[in-house]
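Work through the following exercises with the structure in view, and try each task before reading its solution.

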Amino acid sequence: MRLSVRHINIAEHSARAFVLGMLMLATIAGKAQITDNTTVVVETTDIDVADTPSLSWEQRLAADIDSLLSGSMFETSQVGLMIYDLDADNTLYRRGERQRMRPASTQKLLTAITALDQLGTNYQYTTELRYTGTIADSTLTGTLYVVGGFDPCLGANDLTALVECMQSVGIDTIRGSIYADKSMKGSEMFGEGWCWDDDNPRLSPLLYGGSDFFIDRFTAKLTEKGITLFTTLGEGQCPSDAVTLCRQTRPIDQVLLTMMKESNNLYAESMFYQIAAASGHRPASAKDAAETIKSLIARIGLDSSEYSIADGSGLSLYNYSTAELQVAMLRYAYRNGDIFQHLRPSLPEAGIDGTLKSRMNSDVTRGRVFAKTGTLTGVSSLAGYAIAANGHMIAFSIINQGQRRAASARAFQDAVCTAICR
């Protein structure tokens, strides 16, 4: 049959997945143009939509993606693509899957899967109050250390809980010093290969509201709650024989949820350094974290020397990954049920939440694609899981590189997912 349309309002036809799929194919092939969020202008009435012969689902999927990849956008840009049927345990489609590309924020998948594997799904971020000296007559005389564990979520409620913990053991006065212990990681505040003109997070292991002024807010809260201070402030490493006074913990799932749903770079870097610290190195470094991730890559059967891992968030221009690697990590997570049970709920759901809330909102894909998005200048990526029409769980990775318009790459990615789910 022949599609002969000049203007179509997408919102009026959101339930018509077939029409949307054809329009997406036309858009990527250069035969249609999305003029705003709701309107598609088809520049030709000569788009042939041949009746599909009797093909298997796998054959139809391959034919659909072949058509998508024939679009003019791939004359000037690159793509790494791999689709894997996790239930049938076979590759459904591959194109440039071993091409090394910048992954953007799909790098967070490697960070999350390695963290869940190495730290365990019950891991807790920890911030401690420890002291040297004495406590007598409601007075702590000595040095109070706030030992940072790079918890990116620390905020007003956590300060209140720490101060109230001190009050619960009878402390109403501190004489001496209050030190911030930031020795969990090195002193570098930014990742290697980050662009200087980006709004980059500061990588301090002791944060308040995502900013590096915890001690100021902490001492203000002590005073607000009625604890008298005769102290000096500074930084220093807590000695091993210091006594633990209070401990504030946070489950890894809480960090993971914001890291993945909202693509929060600070949360990803905090998890990256948890991986490094768990290797036993102190201060932990990005190199330590990268080596741990590469150890997992080797364990799942790939040559870790083929990839470059510079950070945990994907901000670095020094990261180089492949669609094959991302799918292999997704397969590993799926086969390790405990990891998958924590990873899967953290991923944005198509048409429902996170960075996919406004994407793939048709009946075909809504709530059936769970994937991490990624965007850098010239890079757009999408990797995760999708539920196919036959009920199988699919792992996929799509990395578009060299695109001047991210919207074109996202349209291609959405069309691939629609083909998987249709």
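**Exercise 1: a pair of strands**

In this predicted model, find the bridge partner of tyrosine 145 in β10.

*Solution.* Begin at tyrosine 145 and look across to β10, where its bridge partner turns out to be tyrosine 179. Next, widen the view to the whole strands: β9, which covers residues 139–147, and β10, which covers residues 173–181, run parallel and are joined by nine bridges.

**Exercise 2: the sheet and its edges**

Determine the order of the strands in the open sheet of five strands, and explain why one side of β11 and of β12 is left without a neighbour in the sheet.

*Solution.* First, write down the order, which is β11-β10-β9-β8-β12, and note that the pairing is mixed. Second, look at the edges, where β11 (228–235) and β12 (243–251) each have a single partner strand, and therefore one side of each has no neighbour in the sheet. Third, consider the twist: ignoring direction, neighbouring strands of this sheet are turned by 20 degrees against each other on average.

**Exercise 3: helices on the sheet**

Which strands do helix α5 and helix α6 touch as they pack on the sheet?

*Solution.* Take helix α5 (residues 214–224), which touches β8 (124–136), β9, β10 and β11, and whose direction makes about 160 degrees with that of β10. Then turn to helix α6 (residues 252–261), which touches β8 and β12, its direction making about 45 degrees with that of β12.

**Exercise 4: the whole protein**

State how many helices and strands the protein has, and what share of its residues is buried.

*Solution.* Counting the elements gives 11 helices and 15 strands, while buried residues make up 53% of the 422 residues.

Note on methods. Residues are numbered from 1 along each chain as its sequence is written. This is a predicted model: local features need pLDDT of at least 70, side-chain atom pairs count only at pLDDT 80 or more; totals for chains, interfaces and linings use all residues. Side-chain values use heavy atoms; hydrogens and water are left out. Helices (H or I, at least four residues) and strands (E, at least two) are DSSP runs, numbered from the N terminus. Buried means under 20% relative accessible area, exposed over 50%, partly exposed in between (1.4 Å probe, protein chains only). Two strands pair if DSSP finds at least two bridges between them. Axes are lines fitted to C-alpha atoms, for helices over the stretch in contact, and angles run from 0 to 180 degrees between N-to-C directions. Contact means heavy atoms within 4.5 Å.
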